[in-house]
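Trainee: I am new to this structure and would like a close look at a single part of it. Could you take me through the salt bridges slowly, with the surroundings of each partner?

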Amino acid sequence: MITTQFSRPWEIRTPSLVRYLDQEYVDQFFSDGVLRLSSFKSFRGHKDEQRGDQREGHANVHIETPNGTHTIAGLNGQEAYVLCTSTVESKTLEASFETASGFRITDSLRFAEAISMKIPGFVGGMQGLCSYRDNLVVRKTLDYSVKPPDSNDDPEEWAKDCDRFAGIQIRDSLFLKHQSYSHQCEYRFIWFAIGEETSHIDLNCPAARKFCQKLSD
């Protein structure tokens, strides 16, 4: 994640992204603003080996702190919607997804914001490039201790703090994929909402179209 307080002029270039999609869905998006977002749950169940990944939404994080090693292992259960795109625009990659069309996202930040406005209960989101490895364990080192509450502290509040801590630490896991998918050069968007995980959501978001172009354009 990028946080900057530069006092000098600086620009961060966000890439032009490609969403590969069948022509009928591209036409539907540009004519009516309709776009489907899938979930980690949907990815885990997809039979297409290019789109499916049983490890999606899983987290395995080892954290070294001054008071010991902590492990977070689990599966995302929060309502979250994902849009997978690629930084590569090619007929070869398009064919691997068995699609015949798609669209470019020319302004990823404004596109993400426009979509967020249409997600009920939206609470936050992330976007960025995926990383690819053989080993999908995320290893971190923190300079502060993680410990249970003293007897005078509130255990329930501590449990909530632990949930928030775990949620922050697993973020990198949601952008980590096995290297067998590295040819996809994936850049993904994740929108979180209040609720339980579902398979997908269909949005009507005409405002997002102004930040996109058809591949044929």
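Mentor: Lys140 is buried, because its relative accessible area of 18% falls under the 20% limit used for that word. The model is a predicted one, and in it the side chain of Lys140 meets that of Asp172 in a salt bridge, with 3.8 Å from N to O. Lys140 belongs to strand E9 (residues 138–141), while Asp172 sits in the loop between helix H5 (155–169) and strand E10 (176–178), so this pair ties together parts of the chain that are 32 residues apart in sequence. Asp172, for its part, is partly exposed, with a relative accessible area of 39%, so the bridge has a buried partner in Lys140 and a partly exposed partner in Asp172.

Side chains of opposite charge can pair when their charged atoms come close. By the rule applied here, the count of salt bridges comes to seven, and two others among them are worth setting beside the pair just described.

One of these joins Asp27 to Lys214, whose closest N and O atoms are 4.0 Å apart. The pair links distant parts of the chain, since Asp27 is in helix H1 (residues 23–32) and Lys214 is in strand E13 (residues 212–214), 187 residues apart. Asp27 counts as partly exposed at 32% relative accessibility, and Lys214 is also partly exposed, with a relative accessible area of 27%.

The other is formed by the side chains of Lys91 and Glu94, which meet at 3.6 Å, N to O. Here the partners are three residues apart within helix H3 (residues 91–96), and therefore they are separated by about one helical turn. Their surroundings are not alike, because Lys91 is exposed, with a relative accessible area of 64%, whereas Glu94 counts as buried at 8% relative accessibility.

For a view of a buried residue away from these pairs, turn to Ser39, which lies in the loop between strand E2 (34–38) and helix H2 (40–45). Ser39 has a relative accessible area of 0% and is therefore buried. Leaving aside residues up to four places away in sequence, Ser39 touches Ala80, Glu197, Thr198, Ser199 and His200.

Terms used
Residues are numbered from 1 along each chain as its sequence is written. This is a predicted model: local features need pLDDT of at least 70, side-chain atom pairs count only at pLDDT 80 or more; totals for chains, interfaces and linings use all residues. Side-chain values use heavy atoms; hydrogens and water are left out. Helices (H or I, at least four residues) and strands (E, at least two) are DSSP runs, numbered from the N terminus. Buried means under 20% relative accessible area, exposed over 50%, partly exposed in between (1.4 Å probe, protein chains only). Contact means heavy atoms within 4.5 Å.
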